[in-house]
Amino acid sequence: MTLHEPTTPQFKQNAHEALRDENLQSALRGARNGFVGKRAAARAKLGEDEFDGLRDAARDLKNHVLANLADYLEAYEGKVTAAGGHVHWAETAEDAQNIVLDICRKAGAKTVNKGKTMISEECGINDHLAANGIKPVETDLGEYIIQLRGETPSHIIAPAVHVTVPQVREEFQKAHTHLPESRDLSGLDTLLSEARGVLREKYFQAEVGITGANMLIAETGQSVIVTNEGNGDLSQSLPRVHIVMASIEKIVPTLEDSSTILRVLGRSATGQDMSVYTTYSSGPRRAEDPDGPEEYHVVLLDNGRTNMLGTEFEEMLRCIRCGACMNHCPVYQTVGGHAYGWVYPGPMGAVLTPSLIGVEEGGHLPNASTFCGRCEDVCPMRIPLPKMMRHWREREFEKKLTPGAARYGLGLWAFFAKRPGLYRAGTRLGMAALRLLGRGRGRVSSLPLAGGWTATRDMPVPSGDTFMAQWKAKR
């Protein structure tokens, strides 16, 4: 998959390939319960009432921001400018590409270090810089691993969760040819040590550092980035130029508000009370500062987000990219992130992707849900993800993009549902037919028009009477 060629229209094919990928399935099995258990422990440690109270406060805070977004963005720009920084407005991903490239060229950059930033993935910054002779180097360990593999992240906070340890070892042996072939790479500690040594050299080579931002603070003009490796700090403080890439909804009003978000972010993402590093940046280095960049730029990306304001998808803009929804999603846990075919996987991706690239491209993703509701239950910002996925299904149906079998099936169901007598007769007839098909076995292993379901599971034959008949009998 390349960034600007989403494979979301072929989600079903991607999912089938993911299910056949033994390495992927092994990696997903290993990661399946880790995040879930850690979040539950962190929630219990804080206390369910306090944690849920924080979720309510965070939700209300973001709703207030979205209702006053223009005012807070304007205030933020004023503070950044006053501190000696520059704010660049990017309406599209292509605008952001050109802004970043222009800054890098003016800085004479040959190498750019990057702290993890999903917005740069959304904008395809790596490919754009590389195509123009500038080498991007990912400094987050997971991002570094997948960069060596020529891949994109499959998870927001664990970008290489789909890669097994033997695969990492193989990539390091291929990429780090300047190191002795006989070196010990048998353990996680030796792999980590080698990556640390290689990346430390990169920090001092880059002329420009690009980081994302978990939040932007209107009150102070600061950007906030949280990491567990410290790579964000080194990527922004050592190069001569620091570029922050963020989407417009990352704004919060005050410093105190940022602490509210941080308290739910770490616990929801990795089960930590706080991430190991939380760094606030504001403007270029001042005369009294011992270090820091000489130039400080912020690229604020819209890329379709203002179109979501005032619509049934506005609540998606509360997302703080913690990854809790995908950690708890049975679909994501089974097929991984790459099957979703674009930057944002899992339930949040199933809502955000059609919003950003259109339902024609991303309309399959909202269909990859059982609506079990686990994503909404764990979302720290209380985003009603299943409800919004239903809205996308409605849009898909209205545009006649729904597969023919589903469309005609719904039409047939609607015909009977509007005629109660026929509906009751039809359900009785259907139940009788299923009992006949499953006679002697108690299950049906093959059904016309339902091969996708019965190919991997049997359907039990109906027992008892129809729901309507049972309901009538009890009244």
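The legends below describe close-up views of a predicted model.

**View 1. Helices α3 and α4 cross with their axes within 5 Å of each other.** Helix α3 covers residues 34-46 and helix α4 covers residues 48-67, and their axes cross at roughly 105 degrees. Because angles from 65 to 115 degrees count as roughly perpendicular, α3 is described as roughly perpendicular to α4. On the side of α3 the contact is made by R39, R43 and L46, while α4 contributes E48, E50, F51, D52 and L54. Sorted by class, this contact of α3 with α4 holds three nonpolar residues, five charged residues and no polar ones.

**View 2. A network of salt bridges links R43, E48, D52, R55, D56, R59, D60 and R382.** A search of the whole structure finds 27 salt bridges, and the view shows some of those that belong to this network. One of the pairs is R382 with D52, whose closest N and O atoms are 3.9 Å apart. R382 lies in the loop between α18 (374-378) and α19 (385-398), whereas D52 is in helix α4, so the pair ties together parts of the chain that are 330 residues apart in sequence. In another pair, the side chains of D60 and R59 meet in a salt bridge with an N to O distance of 3.0 Å. Which of the labels buried, partly exposed and exposed applies to D60? With a relative accessibility of 43%, D60 counts as partly exposed, and R59, at 24%, also counts as partly exposed.

**View 3. The surroundings of R382, a residue in the loop between α18 and α19.** Which residues does R382 touch when its neighbours within four places in sequence are left aside? R382 is then in contact with D52, R55, D56, R59 and R318. For R382 and R59, the C-alpha atoms are separated by 6.4 Å, although these two residues are 323 residues apart along the chain. The relative accessible area of R382 is 24%, and R382 is therefore classed as partly exposed.

**View 4. A salt bridge within helix α10 joins K174 and E171.** The closest N and O atoms of K174 and E171 are 3.7 Å apart. Both residues belong to helix α10 (residues 165-175), and because they are three residues apart there, about one helical turn separates them. The two partners fall into separate accessibility classes: K174 is exposed, with a relative accessible area of 52%, whereas E171 is buried, with a relative accessible area of 10%.

**View 5. Four strands form an open sheet in the order β8-β5-β6-β9.** The pairing in this sheet is mixed, and the strands at its edges are β8 (251-252) and β9 (277-281), each of which pairs on one side only. Helix α13 (residues 255-269) packs on the sheet and touches β5, β6 (222-227), β8 and β9, and the direction of this helix makes about 165 degrees with that of β5. Strand β5 (residues 215-217) runs parallel to β8, and two bridges join these strands. Within this pairing, L216 has I251 of β8 as its bridge partner.

**View 6. The hairpin of β5 and β6 has four residues between its strands.** In the turn of this hairpin, G221 has a positive phi of about 75 degrees. Strands β5 and β6 pair in the antiparallel sense over three bridges, and one residue to look for is I217, whose bridge partner in β6 is Q222.

**View 7. Strand β6 pairs with β9 and is covered on both of its faces.** The pairing of β6 with β9 is antiparallel and extends over five bridges; within this sheet, T227 stands opposite Y277 of β9. Are the residues on the two faces of β6 buried or exposed? On one side Q222, V224 and V226 are buried, and on the other side S223, I225 and T227 are buried as well, so that both faces are covered. Because six of the six residues of β6 are buried, this strand is largely enclosed by the rest of the structure.

Note on methods: Residues numbered from 1 in each chain as written. Predicted model: local features only at pLDDT ≥ 70, side-chain atom pairs only at ≥ 80, totals over all residues. Heavy atoms only, no water. Axes fitted to C-alpha atoms, helices over the stretch in contact; angles between N-to-C directions. Parallel < 35°, antiparallel > 145°, perpendicular 65-115°, else oblique. Contact = heavy atoms within 4.5 Å. Nonpolar A, V, L, I, M, F, W, Y, C, P; charged D, E, K, R; others polar. Pairing = 2+ DSSP bridges. Salt bridge = Lys/Arg side-chain N within 4 Å of Asp/Glu carboxyl O. Buried < 20%, exposed > 50% of the residue type's maximum accessible area, 1.4 Å probe, protein only.
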